[in-house]
Each structure stands twice: as C-alpha cells, then as structure tokens.
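Reader: Could you give me a close look at one part of this model, the charged network and whatever sits around it? Keep it chatty, but spell out the cut-offs as you go.

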Amino acid sequence: MKSYRKEIWFNVQTRRAFVNITSEVEKCLSDSGVREGLVLVNAMHISASVFINDDEPGLHHDFEQFLERLAPHEPITQYRHNDTGEDNADAHIKRQIMGREVVVAVTGGKLDFGPWEQIFYGEFDGGRRKRVLVKIIGD
C-alpha cells in the first residue's frame, strides 16, 4: 500500500472565505500514484474547515449568511472564549458547523465525486498562514 502526505498552505487576507482546493488535491493524487484508495483532507487549524459542496457563488453567499446568523462575529463580548483577549470564538463555532475534514474515495486514479462536488477550504479567522493536510493511502 502507498502512502502520500502533503500540506497545502494558505494566507487568506479576509476574515472569512471559501477557497476551492479541488485542483490542488487532484494534483496531490496524481503525484501519489494511488489508483484505488482514500484521500483525507483536513484543516490543521481550529478556526478553519474543509468541506465538500457545489462551487456556486450564490450558495457560498448563503453559507456565509447562515453561519453569521448562527454565530455572529460581533459583538465579540457575547463569547466567553473572547474573554482571553481573542476575538475569534465565532470562527471556532463556524468550523464545528462546516466540519474539520473530508474523505473521498479514489477510483481509477480519480476523486470519486458525485455531480457538482468540489473540495473547499473554509477560512473563518483569516489574516495569517494556515494549512490543510492531504493524506492519501491506497494502491
């Protein structure tokens, strides 16, 4: 069985963003030589997410609005976590909602997606370097 590991680094300048990383994951898969197996993609930071969905701007807007209603950034005093001097409690909550990781089957050397599926990095507390781990196992 083969094993492949790569970190993809980001420095999103805005506080929140959704970045399509499908092509980067596909490049990792190609580099790995794995034809049948699994790809794990996970955010290595507790204020970021990895998820699978459609790459449609209206949907991304809806995600942003939905998350902000559930866990609004302001007022920052509404969160006990922010009593520590942080201002990112909402980012931690948004990450829990959107998820830490995805696992995708590999079939015939390709990501085995359903229609319209793409992999995204969700940033909820941008402005500094963060990373995503891509781990691929299989034959």
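Author: Let's start with a definition: contact means heavy atoms within 4.5 Å of each other. Before using it, some ground rules: this is a predicted model, where local features need pLDDT of at least 70 and side-chain atom pairs count only at pLDDT 80 or more, while totals for chains, interfaces and linings use all residues. Residues are numbered from 1 along each chain as its sequence is written, and side-chain values use heavy atoms, with hydrogens and water left out.

A quick warm-up with that definition: setting aside neighbours within four places in sequence, G108 is in contact with R35 and E36. G108 and E36 are 72 residues apart in sequence, yet their C-alpha atoms lie 6.1 Å apart in space. You'll find G108 in the loop between strand 5 (101-107) and strand 6 (110-111). Helices here are DSSP runs of H or I with at least four residues, strands are runs of E with at least two, and both are numbered from the N terminus. G108 counts as partly exposed because its relative accessibility is 30%; the scale calls a residue buried under 20% relative accessible area, exposed over 50% and partly exposed in between, with a 1.4 Å probe and protein chains only.

Now for the part you asked about. Side chains of opposite charge can pair when their charged atoms come close. The criterion for a salt bridge is a side-chain nitrogen of Lys or Arg within 4 Å of a carboxyl oxygen of Asp or Glu. By that rule the structure holds 14 of them, and one network links R15, R16, E64, E68, D87, D90, K94, D125 and R128.

R15 is a handy way in. Its bridge to D90 has the closest N and O atoms 3.8 Å apart. R15 sits in the loop between strand 1 and strand 2, while D90 belongs to helix 3 (residues 89-98), so this pair ties together parts that are 75 residues apart in sequence. R15 also meets D125 in a salt bridge, at 3.4 Å from N to O. D125 is in the loop between strand 7 and strand 8 (130-138), so here the parts tied together are 110 residues apart in sequence. As for cover, R15 is partly exposed at 25% relative accessible area, whereas D90 is buried at 0% and D125 is buried at 5%.

D90 has another partner in K94, with the closest N and O atoms 2.7 Å apart. That one stays inside helix 3: K94 and D90 are four residues apart, which puts about one helical turn between them. Both are buried.

Zoom out to the whole of helix 3 and the picture fits: seven of its 10 residues are buried, leaving the helix mostly covered. Those residues are A89, D90, A91, H92, K94, R95 and M98. They pack against strand 3 (36-43), strand 4 (48-53) and helix 2. Just past the end of helix 3, G99 takes a positive phi of about 100 degrees.

Helix 2 takes us on to the rings. A pair of aromatic rings is described by the distance of the centres and the angle of the planes. Rings of Phe, Tyr and Trp (its six-membered ring) pair if their centres lie within 6.5 Å, with planes under 30 degrees apart called stacked, over 60 edge-to-face and the rest tilted. The whole structure has six such pairs. F10 and Y121 are stacked, at 4.2 Å centre to centre with 0 degrees between the planes. This pair joins strand 1 to strand 7 (residues 118-123), across 111 residues. Both F10 and Y121 are buried. F18 and F63, on the other hand, meet edge-to-face, at 5.9 Å and 80 degrees. Here F18 comes from strand 2 (residues 17-20) and F63 from helix 2 (residues 57-70), 45 residues apart. F18 and F63 are buried too, and they belong to one aromatic cluster with F51, F120 and F124.

One last charge: the charged end of R129 sits over the ring of W9, 4.0 Å from its centre. That label needs NZ of Lys or CZ of Arg within 6 Å of the ring centre and within 35 degrees of the ring normal.
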